[in-house]
Structures are given as structure tokens and as C-alpha cells.
Amino acid sequence: MSFLIKKPDDIKSSEITSQSVYHERREFIKKMSLATTALIGAGHLSLAEAKAYPELAKSQFSSADKLTSLDDIKSYNNFYEFGTGKVDPAKNAKNFNPKPWSIAVEGEIEKPGVFDLEDFVKPYALEERIYRFRCVEGWSMVIPWVGFPLADMIKQFKPTSKAKYVEFVTLYDKEKMPGQAIRVLPWPYTEGLRIDEAMNPLTLMAVGLYGDELPNQNGAPIRLVVPWKYGFKNIKSIVKIRFTEHEPVSTWHKIGPKEYGFYSNVNPDVDHPRWSQKTERRIGEPFWSPKIQTQMFNGYSEQVAHLYSGMDLKRFF
Amino acid sequence: MSVHKMLKPVVFIFCLLPLMMIMWQAFTNGLGANPAETILDAMGNWAVYFLLITLTVTPLRRLTGWGGIVRLRRMFGLFVFFYASLHLLSYIWFDQYFDWHEIVNDIIKRPFISLGFMTFVLLIPLMLTSNKAMIIRLKANWKRLHQLVYPIAIMATVHFFLMTRADFQQPVIIALILSVLLMYRLVVYFQKKAARL
Ligand code: HEM
């Protein structure tokens, strides 16, 4: 299937496989491999299951840390739209259908519009990025995301000089996201970045992980990944991206302004009022072993520290 | 053995089931992606559940007229201490890994930990005096001392509220049950007072 993945500049438009054909083929391959597996007989799984993104460009930004298992990534989620328990999203997002999906891009840009997700993602070269993921609660994972730099997308939309921030909004649909029936958070979930943070090469729009499409409980079909910030900044199931002049109010900041700042950069020296941020529990490590030290900017200082030079990070937490 | 004599050992085994469940899950990879959190929360929850169970004994005796249940109250109370200790141990070990400096810092700086700590400290005298010898020795003071269970229950519930981030469903349910149990005492107290007048 390597013919599907080429650098964008050496693909003629006539060569591009449309997403729907691609998915049909994928479904077909999946069914074939299932059928074959059945023929070969259980216990002899010689064929790997077909993945959505079998070949991806590797990234220089990828971490060498040991990957968190797919099972843990899929079964331990903070995604209150599907329930507040860590295991709730895996159960309650089972029937969530992220297709079709559309994304509105609006605000201080030259080319606003509403796009079908497939058209929205098509122009960008997908790559694999292995990032550390640090939750504000004090646990962490190492996740092989599939995505493209947000900067690539922003350039396409030509922000005006007034575009100082980018706001992201999650789907608000009680039918599809049962957790929204209870107002544990002021829906819809909203997050934001300063435009230079959004343009940083580390900032990723993720459409998959472990070489496959995003599991529903991990924010299908498209989410933000900002690896030097706490997990809740990494907004899931995005339906709207808005460029603004003023700082957006993120959801957790709204309900706990003293506990969750707009920046929410990973910082071992700034405690959450209710717990220390010095250490973290790496998911998958033995629970009776010590936690690991949390790193400034989650270990991404080299790429992002300059964004905050001169800022008092205790004040702008 | 008569049913009467079987009661205590059987209930004792039942009270140990939450811990046995956790241990079983620990050996079978059943504690989820973050076992440290699962254990800490489960032990904290069971400490509170046993507090509520302990406080239910007296009203239940009045309602059912079954006096035998009172013989279980001490055991339930000791299980509050048992699960609270395991909760504290999980915190000291899995959360802080015996970093005493951080632990003291937490107790001083963070209200929900301070409150949890005070709650635990208050449980200690109750645990130490939960035996016949102490009941005889302390006489009327024993009853007064063990009325500490009411502030303990309220403090544990507030501790639960203060650690909650967004979804207050569970602590609200605990608070509602506790209010009913405390209201019962208030009503009985005023009834007795009225009867004396
Ligand atoms: C020194 C004493 C104590 C410490 C250090 C302590 C610490 C903690 C911590 C760290 C949490 C979890 C917070 C989180 O997940 O963010 C917690 C939760 C809890 N604690 Fe404690 N605690 C103490 C005493 C107690 C006592 C005495 C009780 C009850 C009798 C109790 C009941 C609970 C309950 C019910 C929870 C909530 C569990 C859940 O999330 O479902 N704690 N405590």
C-alpha cells in the first residue's frame, strides 16, 4: 500500500486516491484479511490487520521513550463528554460515529469556511509523532500520534494581523456524546492557544494513533496535540477553529481559574493548588515503583521555551 | 455453631471482600491503566462506606427491633480505620513514594489533605478504645469520646468534596445519606429532650 503515501509535491492530482475510495479499499482489505484469518484458522494470525495509516513519515520530534500500550491509551481517558470516570469513554464512545464530520474555520482569517473533514485533512502530509503526554492530574503516557503540523493548516487559511489567538471547540451534541446530558462542565468544551504556540512546529492536529484512525475515546476524528502543555489543552473531536484577537476562555479555566491557567504549560515548579506537579506516574510502569520526575515543558524546552521568555510562569501558569 | 455465633465471622469475611477484590485484581491485571489511583480511591471510598454502615447500625436496630446487630458495630468501626489506613498507605507509598518532606508539605499546604489527615488522626483514639476493657475503664467518657464519629463522618465527606474536580455526583450521594443518618440522631435527641420535660 506504499503507493498511497507519497510526499504531497510528487503526487499529481489525478493520482490522488479520493478518501472514499481509499476507505472502501481499506474496508475491503479489512474484510479480506478477516476472511483469510478465518480460513487459516484462529490462533494463526499471520496477517496483520490493515491499518489506516500503514506507512508514515517519521519525525525528528519523536521521543525515544517506551510507548504506552494501545490498550492503556484506549482504556484510560479523561473525556467528560463520554462520562467522568476514566473507563467511561471507552464504554460510552463505542457507538459514536465520527463520520461524516465537518469543521468550521472562522474568525480573523482571509479564507473562512466549513469543510468536510476529508477535504480538510487532504492537503497535508501525515506523519507519526511520538510525544510524551502529561495529564494535569499527574500521570503520563507516550503516544505515537498520526497527524500534521497545525502551522501547515494555519498558513493555508491566511490569518489577518488581528489573529492573535486560536480557539478550538468540541462537538456539542447530547445525542452523540451522552456525558453532555449532565452539566459537569460548561459545554461545549473550548480551548485556545496563542497564535505563536499554534504555529510552533510541535503543535499537531492528530487524526490517528498507533498507525490507525483515532479511537473514539481519544477524540475522533480530529484533535489537538500540544505536548508541552497539560493534557486538557489537547482538545478532542474538534468542530470549530476560530482565530481571535482576544484570549479565548478555556473550559477548565472557566470553572477553576485558580487551578487551570490559560497557558497550562507542564511545569514541575508550579503546583496545582491541590497537588504537586513535581512528579508523574508513567502509565504502564509498576504501581509500587516511584513516580518519575516531571520535566519543564514536558521535556520540550528546546522547542518552546523561547515562546515564554521574560514571562513570569508562576503568574501565567 | 449456631446462626448467632456464625454472624460475626461471616460478616467479617464480607468486610474483607473489598480488599480481597483489589488483591485479586492486582494479581490478574484488573486494576486498569493506573492501579495506584484505583487502589487509593477504592480504599478511600470503602473507608467512607464503612463509616456510613457504622452509622446505620443504631437506626436499623430501632427500625427492625433486632438488637443483635449492635454486636457488629465495633467491627464496622474498626473496618473504617482499616480501610482508611490502607488509603493512607496507598497515598504514602504509590502517590508520594515515602517522600516525607512532600507528605508533610501536602498536609500543611493542601486543605483537602489537611482535612483527611485530621480525620485519620481522630480515628486513632476510637480504634484504640474499641475494646471491652476501655469501655469499662472510660465509663461515660467512652460514649462521649465515640461521639467523635459524627465530626469524623462530616470531615471525611468534606475531604471527598474538596478532592473532586468537576463531577460531584458521588460526594453528593454520600452527603445525602450522611444527612439522613445525622438527622435521625437530631430527631431522637429532641424527642428525648421533650420526653424529659
Ligand atoms: C492523612 C490522611 C489522608 C490523606 C493523605 C488522603 C489523601 C487522599 C488523596 C490523595 C485522595 C485522591 C485525590 C485525587 O484523586 O485527586 C483522596 C481521596 C479520597 N479520600 Fe482521602 N486521604 C486521607 C484520609 C482519608 C480518610 C480518613 C477518609 C475517610 C474516612 C478518606 C476518604 C477519601 C475518599 C472517599 C476519597 C475519594 C476517592 C474517590 O476519588 O473516589 N481519606 N484522599
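In the predicted model, B:R110 is buried, with a relative accessibility of 1%. The side chain of B:R110 forms a salt bridge with that of A:D271, with an N to O distance of 2.8 Å. This pair crosses between chains: B:R110 lies in the loop between α4 and α5 of chain B, and A:D271 lies in the loop between α7 and β11 of chain A. A:D271 is also engaged by B:K109, with the closest N and O atoms 3.4 Å apart. B:K109 belongs to helix α4 of chain B, so this pair, too, runs from one chain to the other. Because partly exposed residues are those between 20% and 50% relative accessible area, B:K109, at 46%, falls in that class. A:D271, with a relative accessibility of 23%, is likewise counted as partly exposed.

These pairs belong to a broader contact between the two chains. Chain B contributes 21 residues to the contact and chain A contributes 28 residues. The area buried between chain B and chain A is about 2,000 Å², of which 52% is on carbon and sulfur atoms. On the chain B side, B:A33, B:R110 and B:R165 account for 32% of the area buried against chain A, more than any other three residues. Six salt bridges are counted between the chains. One of them joins the side chains of B:E102 and A:K278, at 3.0 Å from N to O. Residue pairs in polar contact between chain B and chain A number 16, with both residues at pLDDT 80 or more.

The side of chain B that touches chain A draws at least two residues from each of α2 (35-64), α3 (73-95), α4 (100-109) and α8 (149-163). Of the elements of chain B, α2(B) gives the most to this side, with four residues. By residue class, the side of chain B that touches chain A comprises eleven nonpolar, seven charged and three polar residues.

The ligand is surrounded by 21 residues, among which B:N45, B:H87, B:L88, B:H159 and B:R165 come nearest. The side chain of B:N45 places an N or O atom 2.9 Å from an oxygen atom of the ligand. For B:H159, a side-chain N or O atom is 2.8 Å from a nitrogen atom of the ligand. B:R165 has a side-chain N or O atom 3.2 Å from a ligand oxygen atom. Two or more residues of the shell come from each of α2, α3, α5 (111-128) and α8 of chain B. The largest share, seven residues, is supplied by α2(B). The shell divides into 13 nonpolar, six polar and two charged residues.

Chain B itself has nine helices and zero strands. Its C-alpha atoms fill a box of roughly 55 × 45 × 35 Å along the principal axes. Of the 197 residues in chain B, 39% are buried. Among contacts in chain B with a separation of 6 or more, 64% join residues 24 or more positions apart.

Over all chains, the structure holds 22 salt bridges. Within chain A, the side chains of A:K233 and A:E191 meet in one of these, at 2.7 Å from N to O. The two residues are 42 residues apart and link distant parts of the chain, with A:K233 in the loop between β9 (223-225) and β10 (238-244) and A:E191 in strand β6 (residues 190-194). Both A:K233 and A:E191 are buried.

Notes
Residues numbered from 1 in each chain as written. Chains lettered and ligands numbered in written order. Predicted model: local features only at pLDDT ≥ 70, side-chain atom pairs only at ≥ 80, totals over all residues. Heavy atoms only, no water. Contact = heavy atoms within 4.5 Å. Buried area = accessible area lost by both parts, 1.4 Å probe. Salt bridge = Lys/Arg side-chain N within 4 Å of Asp/Glu carboxyl O. Polar contact = N/O pair within 3.5 Å; in protein donor to acceptor, adjacent residues only side chain to side chain. Nonpolar A, V, L, I, M, F, W, Y, C, P; charged D, E, K, R; others polar. Near = heavy atom within 4 Å. Buried < 20%, exposed > 50% of the residue type's maximum accessible area, 1.4 Å probe, protein only.
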